[in-house]
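Please walk through this protein chain with the model open beside the text. The tour begins at the surface and then turns to strands, a helix and some unusual backbone spots.

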Amino acid sequence: MKFERQPMVRWYNVRLLATTGLKTVVSSLFGNFADKREIQAALSENEPYDYSSQDEIWVDYIADLGDGFDATFSMAHLLAKPKLEVEGSPLQRGKLLIMGGDEVYPTPEVIEYKNRLQGPYNAAYPWNENDSDEERPHLYAIPGNHDWYDGLTNFIKLFCQERAIGNWVTRQKRSYFAIKLPHRCWLWGIDVQLHADIDRPQREYFTEIVNDEMEDGDTIILCTAEPAWIFDSINKSNDSYDNLKFFIEKHILLKDHKRKNCSHKHLKLLATFSGDLHHYSRYEILDGDGGQLITAGGGGAFMHPTHILKDHLITGDQHHARLKKTFPSRTESRSMAFKNLLFPFLNREMSLMLSFIYLFIVWFLQSMADTPITTQLAEVPYDFENTGAMLHIVNDALVLNPFGILLNLLLVVGILVFTDTAFGKGKWNWIIGVLHGIAHMINLYVLLWLFSRTNYLMLHGELFGDFYNQLISWKLASLFYTLLFVAEMMLVGGVSAGFIFGVYLLLSTLIFQSHPTESFSSFRETGFKNFLRLHISPTGVSIYPIGVRQVVTNWKNVGSKEKPSFKGKAVKYELIEPPIHIKFDRHETLIQPPEHIKTRL
């Protein structure tokens, strides 16, 4: 399969921001009118996918995967290996591969799925004509918000029509599913994206599964596209836990016994898996059902911080949970936040846009004044004692120029609107937002003063004096001065504006614990990827969190008919923490190797 390798998405590309923002708005406004889940339900039966006849089964779970090629392909390469050796024990490739949301970035176009998901996965594990359907691993996926931007149109084509992605074969007919695993264990994937409700056909699907297929005491592993327990704890305005709570209460805990056709069976929720946050974190519920709350969104997208996570949280249904492990560690997460200081060099498009805004304001002030503001500022020596004189000139230029004042306000308001008040310290985040806006205003007028004075001295002094006089005789002096000023503002102004933006993101994430996505998408960290490998056996469920600190970047022969290969060392992987073994009988968790692993050590 031919495809073009893609770099990681540059989220501060101005055109991409506009396009993605528009798609988000359209999806939110018209999603309910173009909800294809009801069509899916009408064209498929309410039957689970049954693998219960086996004595044991291996299952892989990965989420947030269709971003940059190197990270996505490195993780696909590990998933495709027949086994991974961990502490001397072989972990078999999953018979099932569960993709837990956001299978593509930034938007679900056909070409994006091809280049960012299908291509890398096909190259990592090419189609083998000699394999039977039973030998090939099966693939199931739930959509994330990026898959929903077109109303699931391309998601349905790719995942709900029994197509192949590499040597993995899709089996599902809807954007949600119930899989019957051995030993009365089930894996459910639900679709609750873009704040959509759990549609009626989806509710009926799982109700029928419970009533017709499940027995009292069956256990469930639940996959959802958002770690609602985390969002609810750090963002009080987020209501994503309401949907998750509703689903768990109505279909697993079965609290509403008065509801028609409601089963009285007692089911157990062993664990909930999610992506959306691109790191690994595990919370353990200390009271009640629910067991493990695991976020494993390390399939290939940029990394999210872990230092903003709380040590303890109370879920929306009032259960207490304790943070047991993160990958990267919170110390490593804080250290990486300092990469925001490289913002102007890693996000040139955004820095240039800020410099253009600066230029537009200066151009308007320059064109509306009787005496150009640059000419007035050129006569003020740049010294701290002359700051008052500089401010007086700027004030005079703005007092009689209402539109100039409006442009300055728009710059400040635009910066303020960007302030994140949903996370961290909430409304207190306005403090750093205001300081951010003021910093840009100071930067703009200090640069205006600096360039005006420097260019005047440079062009009229010994360095360019004769050349400038010649330009005057050629009537090109004004043009030369303008071009010089534009170049300076674009270069120095862009770098300084980008640096201010990066400092704002750094302080926001470290001190105010806000902007988790904006601050870490800025430097597009490729390391600290992860996925889960599960083993369902007669004794219980063993969860192996596999981590990769650094992906491989020098792949070759990828996409050709030859076997994909690479120079240098193989992808190095590790257990993020000891295996989590959940017993079926007592529903207890042991952070130690289970019996079937101990015998091999």
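In this predicted model, a nonpolar patch of about 780 Å² lies on the surface, made by Trp428, Trp430, Ile431, Val434, Leu435, Ile438, Ile442 and Val446. One of these residues, Trp430, is found in helix H15, which covers residues 430-460. Trp430 has a relative accessible area of 38%. That value makes Trp430 partly exposed, because this class lies between the 20% limit for buried and the 50% limit for exposed. In an α-helix there are 3.6 residues a turn, so residues three or four places apart point the same way.

Helix H3 (69-80) gives a view of covered residues. In H3, 11 of the 12 residues are buried, so the helix is mostly covered. The buried residues include Phe69, Phe73, Met75, His77 and Leu79. The length of H3 can be checked as well. At 1.5 Å a residue, its 12 residues should span 16 Å, and the C-alpha atoms at its ends are 16 Å apart, so the two values agree.

Next come the strands. In a regular strand the side chains alternate between the two faces of the sheet. Strand S6 (residues 138-141) can be read in this way: His138 and Tyr140 point to one side, while Leu139 and Ala141 point to the other, and all are buried. Strand S5 (residues 96-99) runs parallel to S6 and is joined to it by 4 bridges. Within this pairing, Met99 stands opposite Ala141. How does the chain get from S5 to S6? The path goes through helix H4 (residues 110-124), and this β-α-β crossover is right-handed. S6 is also joined to strand S8 (residues 168-170) by 2 bridges, and these strands run parallel. Here His138 stands opposite Val169.

Another sheet is open and mixed in its pairing, with 9 strands in the order S1-S9-S10-S11-S12-S14-S13-S16-S15. Which strands stand at its edges? They are S1 (49-50) and S15 (312-314); each has a single partner strand, so one side of each is left without a neighbour in the sheet. Inside the strand order, S12 (residues 268-274) pairs with S14 (residues 292-296) in the parallel sense over 4 bridges. Ala271 stands opposite Gln292 in S14.

The last stops concern the backbone itself. Most residues other than glycine have a negative phi, and most peptide bonds are trans. Against that background, the bond joining Tyr105 and Pro106 is cis, with omega about -5°. Pro106 is found in the loop between S5 and H4, which belong to the crossover described above. The peptide bond from Phe327 to Pro328 is cis too, with omega near 5°. Pro328 is found in the loop between strand S16 (320-327) and helix H9 (330-337).

Two residues have a phi that calls for a second look. Asp64 is not a glycine, yet its phi is positive, about 60°. Its place is in the loop between strand S2 (57-62) and helix H3. Is Asp64 buried or exposed? With a relative accessible area of 0%, Asp64 is buried. Arg184, also a residue other than glycine, has a positive phi near 60°. Arg184 lies in the loop between strand S9 (177-181) and strand S10 (185-189). At 39% relative accessibility, Arg184 counts as partly exposed.

Terms used:
Residues numbered from 1 in each chain as written. Predicted model: local features only at pLDDT ≥ 70, side-chain atom pairs only at ≥ 80, totals over all residues. Heavy atoms only, no water. Buried < 20%, exposed > 50% of the residue type's maximum accessible area, 1.4 Å probe, protein only. Pairing = 2+ DSSP bridges. Right-handed = clockwise from strand over helix to strand, strands pointing away. Patch = residues over 30% accessible without salt bridge, like charges linked within 9 Å, V, L, I, M, F, W, Y side chains within 5 Å. Areas by Shrake-Rupley, 256 points an atom, 1.4 Å probe, with all protein chains shown as cover. Salt bridge = Lys/Arg side-chain N within 4 Å of Asp/Glu carboxyl O. Expected span 1.5 Å × (residues − 1).
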